[in-house]
Amino acid sequence: MAQLFMVTASILAGLSVAAGAFASHALKPQLSERSMEIFETGAKYQMYHALALLFVGWVVSQTEIRWRIWLRVAGFAFIAGVLLFSGSLYTLSLSGIKALGAITPIGGAAFLLGWGCLAVATWKM
């Protein structure tokens, strides 16, 4: 599980850098200022949670088995959060479809679940 989280985190972090560079070089002339802000928010949160996932992977590799369930939930919640939160923001900024904004809070809730589970796991260790 540690390896899965760490590899996924590395990929998500790299994609976040690529998305930010793409936005600032290729999309800036194409998107409104507000759409750029939305896209950049997606990239920032993707990076924050890629780093969190990297930490979760490291903690999984260092901890006893009985606390790993909390860490597994945290890791998968961070992945779901990136897909739903950042993914919906990327799509919203590029397409302008406002209804996609309804998905963003679900991703935010997944982030909160991940942080809560990480807190429980580290408290219990």
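This briefing describes the fold, helix packing and nonpolar cores of a single chain. The model is predicted. The chain holds four helices and zero strands, and its elements follow the order α-α-α-α from the N terminus. Along its principal axes, the C-alpha trace extends over about 50 × 25 × 20 Å.

**Overall composition**

- Of the 125 residues in the chain, 42% are buried.
- Among contacts with a sequence separation of 6 or more, 75% join residues that lie 24 or more positions apart.

**Helix 2 and helix 3**

- Helix 2 covers residues 33-62 and helix 3 covers residues 68-95; their axes come within 9 Å and cross at roughly 165 degrees.
- This crossing angle makes helix 2 roughly antiparallel to helix 3, because angles over 145 degrees fall into that class.
- The crossing of helix 2 with helix 3 is left-handed.
- The contact between helix 2 and helix 3 comprises 19 nonpolar, eight polar and one charged residues.

**Helix 3 and helix 4**

- The axes of helix 3 and helix 4 come within 7 Å, with a crossing angle of roughly 160 degrees.
- Helix 3 and helix 4 are therefore roughly antiparallel to each other.
- Helix 3 and helix 4 also form a left-handed crossing.
- Sorted by class, the contact of helix 3 with helix 4 contains 20 nonpolar, six polar and one charged residues.

**Helix 2 and helix 4**

- Helix 2 packs against helix 4 at an angle of about 30 degrees, and their axes are 12 Å apart.
- These two helices are therefore roughly parallel to each other, because the limit for that class is an angle under 35 degrees.
- The handedness of the crossing between helix 2 and helix 4 is left-handed.
- On the helix 2 side, Y45, H49, A52, F55 and V56 meet F111, W115 and L118 of helix 4.
- The residues of this contact divide into seven nonpolar, one polar and no charged.

**Nonpolar cores**

- In soluble globular proteins, nonpolar side chains tend to be buried together.
- The largest nonpolar core in this chain has 25 residues, of which F5, L53, V56, V60 and L71 touch the most other members.
- Helix 1, helix 2, helix 3 and helix 4 (104-124) each contribute at least two residues to this core.
- Helix 3 provides the largest share of this core, with eight residues.
- Leaving aside residues up to four places away in sequence, L71 touches F5, V56, V59, V60, T63, L118 and A121.
- V56 thus appears in several of these descriptions: V56 is among the core residues that touch the most other members, V56 is touched by L71, and V56 is one of the helix 2 residues that meet helix 4.
- L118 is likewise touched by L71 and is one of the helix 4 residues that meet helix 2.
- A second, separate core has eight residues, including A19, M36, F39 and Y90.

**Position of V17**

- V17 belongs to helix 1, which covers residues 2-27.
- V17 is exposed, with a relative accessible area of 53%, because the class of exposed residues begins over 50%.
- V17 and K44 are separated by 27 residues in sequence, and their C-alpha atoms are 9.1 Å apart in space.

Conventions
Residues numbered from 1 in each chain as written. Predicted model: local features only at pLDDT ≥ 70, side-chain atom pairs only at ≥ 80, totals over all residues. Heavy atoms only, no water. Buried < 20%, exposed > 50% of the residue type's maximum accessible area, 1.4 Å probe, protein only. Axes fitted to C-alpha atoms, helices over the stretch in contact; angles between N-to-C directions. Parallel < 35°, antiparallel > 145°, perpendicular 65-115°, else oblique. Left-handed = near helix turned anticlockwise from the far one by under 90°. Nonpolar A, V, L, I, M, F, W, Y, C, P; charged D, E, K, R; others polar. Core = buried A, V, L, I, M, F, W, Y, C linked by side-chain atoms within 4.5 Å. Contact = heavy atoms within 4.5 Å.
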